[in-house]
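Work through the exercises below with the coordinates open. Try each task before reading its solution.

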Amino acid sequence: MNRFIQLFFFSSIILSTTWAKETSKQPLQKANATSSSQSAVNKDTGKEQIGKVKATLYIGFNGDISKLGSKAKGLKPPKQSTIKLLQAVDKLRFEHYRNLGEDVQSVFRSYENWLSPLKPSEEILLSYDSQGRLDNGGLRLDLELWQHHHKVMKTNPVLLKNKPLFILGPKWRGGTLIIAVELLELTDKAPKAHS
Amino acid sequence: MNQKPDNNTITRWIDGELQGEELTQVEKWVELHPELLEEREFAHTLSSMLKEEIPQSIDPPSPDFFTYRVMHQIETLEEESSQHSSRDAKQTKSQPSRFWQWILAPVSLAAMALCFYLGTLVDAPSQPQVASSTTSDKKQLLSPANTLPSVYTPDEVVSADIIRAPKTGTTVILLEGLADFPDNMEMVGAPIRDASKGMMIQSEKDTSDKKYTY
């Protein structure tokens, strides 16, 4: 009797473990089969727009603006709110700021996109793709900075509205280039990020 | 009888145990020896005196029967004692086994249910990550929203530092070692681009149509 009970216990352990493994695999297999079949029939949802981002190229400098060139006089300064954010960081604190260029592009569900704030120049480029939406309304990106067709940096920031990401870039004519990347909008269609 | 009878015969005559011819012969001898009569008379007187003083003893039962009864009693006692001990042993054995039999069934059921539950916890799969169709060199650098992002610089000359402004909460990436843009490069006013040769600029100081390529 005792041996029978022991045998029953061991067999129940093995059966339950096997059953747990099988049941855990089935939903994932079904989901994959379903998603692959659906994508084959329907359009590519990866190109669906889930938000918009903006890249702005600023130059911060001290002293006279004339050293930036004659055309620099037509450059507009950034908004006061942006200046306030820049002044809050020691390395970004300058006497003057000017906007050299900006670019707004869509964020796709699963496709990469590019920002070129010095359009049509490709000296400064940013490539990005979405890594999902967070509960706090932020958007996680895989972001890459390209200078002169070379990748110089790769990061994974979380962008929030009205809270741009600043990148202190190279120097030019005594001033320092500052790249600001900010989230303009984020739709509910954005998939949720998994941590 | 002319010969003297032996002492045993005489003793038997004194005790009155002789009979028949043997008694006749002894009496003929005794007539010739009257001292024997006196001896017999003395023995009878002594015997009667002893009987008066000492009560008659009761003959014990047969020794064989006594031994048989004692042995039988011993055997009986031994059997009874062995029966008692075996009965006690049986009772002590049966009590715990009955108890465990009652307990075993519900314990078995509970243990089986526990084994099934533990089996469901084994090798629980991790949640699938969000799919991405981008290049293979990308990594899933998933960090919580409130922590600083990670930065990677392929060029060893370039270093990166990440800070967060305490007052505003903005994230700043400080890159050092980047190649500066040349001063004669014009960044203002939409510089002309040649896709085949990269970017072309016109220096404001140079009045000729000289073009620079990078």
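The exercises go from the overall fold to the sheet, the cores and the salt bridges.

This is a predicted model: local features need pLDDT of at least 70, side-chain atom pairs count only at pLDDT 80 or more, and totals for chains, interfaces and linings use all residues. Residues are numbered from 1 along each chain as its sequence is written, chains are lettered from A and ligands numbered from 1 in the order in which they are written, and side-chain values use heavy atoms, with hydrogens and water left out.

**Exercise 1. Overall fold**

Task: State which secondary structure chain A has, and in what pattern.

Solution:
- Start with the elements. Chain A has two helices and nine strands. Helices (H or I, at least four residues) and strands (E, at least two) are DSSP runs, numbered from the N terminus.
- Now read along the sequence. The pattern is α-β-α-β-β-β-β-β-β-β-β.
- Check burial. Chain A has 195 residues, and 49% of them count as buried. Buried means under 20% relative accessible area, exposed over 50%, partly exposed in between (1.4 Å probe, protein chains only).
- Check contacts (heavy atoms within 4.5 Å). Take those in chain A between residues at least 6 apart in sequence: 55% join residues at least 24 apart.

**Exercise 2. The sheet across two chains**

Task: Give the strand order of the open sheet of six strands.

Solution:
- The order is 2(A)-1(A)-9(A)-8(A)-3(B)-2(B), with mixed pairing. Two strands pair if DSSP finds at least two bridges between them.
- Find the edges. Strand 2 of chain A and strand 2 (159-164) of chain B each pair on one side only.
- Take strands 1 and 2 of chain A. They pair in the antiparallel sense over twelve bridges. A:Phe61 stands opposite A:His96 in strand 2 of chain A.
- Move to strands 8 and 9 of chain A. Six bridges join them in the antiparallel sense. A:Trp172 faces A:Gly175 of strand 9 of chain A as its opposite residue. The two strands form a hairpin with two residues between them, and A:Arg173 in the turn has a positive phi of about 50 degrees.
- Cross to chain B. Strand 8 of chain A pairs with strand 3 of chain B in the parallel sense over three bridges. There A:Phe166 has B:Val172 as its bridge partner.

**Exercise 3. Strand 8 of chain A**

Task: Why is strand 8 of chain A described as largely enclosed?

Solution:
- Count its buried residues. Seven of the eight are buried, so strand 8 of chain A is largely enclosed by the rest of the structure.

**Exercise 4. The nonpolar cores**

Task: Which residues of the largest nonpolar core touch the most other members?

Solution:
- Fix the term. A nonpolar core is a set of buried Ala, Val, Leu, Ile, Met, Phe, Trp, Tyr and Cys residues joined through side-chain atoms within 4.5 Å.
- The largest core has 42 residues; A:Val53, A:Leu126, A:Leu145, A:Ile167, A:Trp172, A:Ile179 and B:Leu175 touch the most other members.
- Strand 1 of chain A gives the largest share of this core, six residues.
- A second, separate core has 15 residues, including A:Tyr58, A:Leu85, A:Leu168 and B:Leu174.
- Look around A:Val53. Leaving out residues up to four places away in sequence, its contacts include A:Val104, A:Tyr128, A:Leu159 and A:Leu183.

**Exercise 5. A charged residue under cover**

Task: Is A:Arg98 buried or exposed?

Solution:
- A:Arg98 lies in strand 2 (residues 96-108) of chain A.
- Its relative accessibility is 18%, so A:Arg98 counts as buried.
- List its neighbours, not counting residues up to four places away in sequence. Among them are A:Tyr58, A:Phe61, A:Leu75 and A:Pro77.

**Exercise 6. Salt bridges**

Task: How many salt bridges does a search of the whole structure find?

Solution:
- Apply the criterion: a side-chain nitrogen of Lys or Arg within 4 Å of a carboxyl oxygen of Asp or Glu. The search finds eight over all chains.
- One joins A:Glu102 and A:Lys54, with the closest N and O atoms 3.6 Å apart. A:Glu102 is in strand 2 of chain A and A:Lys54 in strand 1 of chain A, so the pair ties together parts 48 residues apart in sequence.
- Compare cover. A:Glu102 is partly exposed at 41% relative accessibility, whereas A:Lys54 is buried at 17%.
- Another joins A:Arg93 and A:Asp90, at 3.0 Å between the closest N and O atoms. A:Asp90 is exposed, with a relative accessible area of 60%.
- In chain B, B:Glu22 and B:Arg12 meet in a salt bridge (3.7 Å, N to O). B:Glu22 sits in helix 2 (residues 21-32) of chain B and B:Arg12 in helix 1 (residues 7-15) of chain B, ten residues apart.
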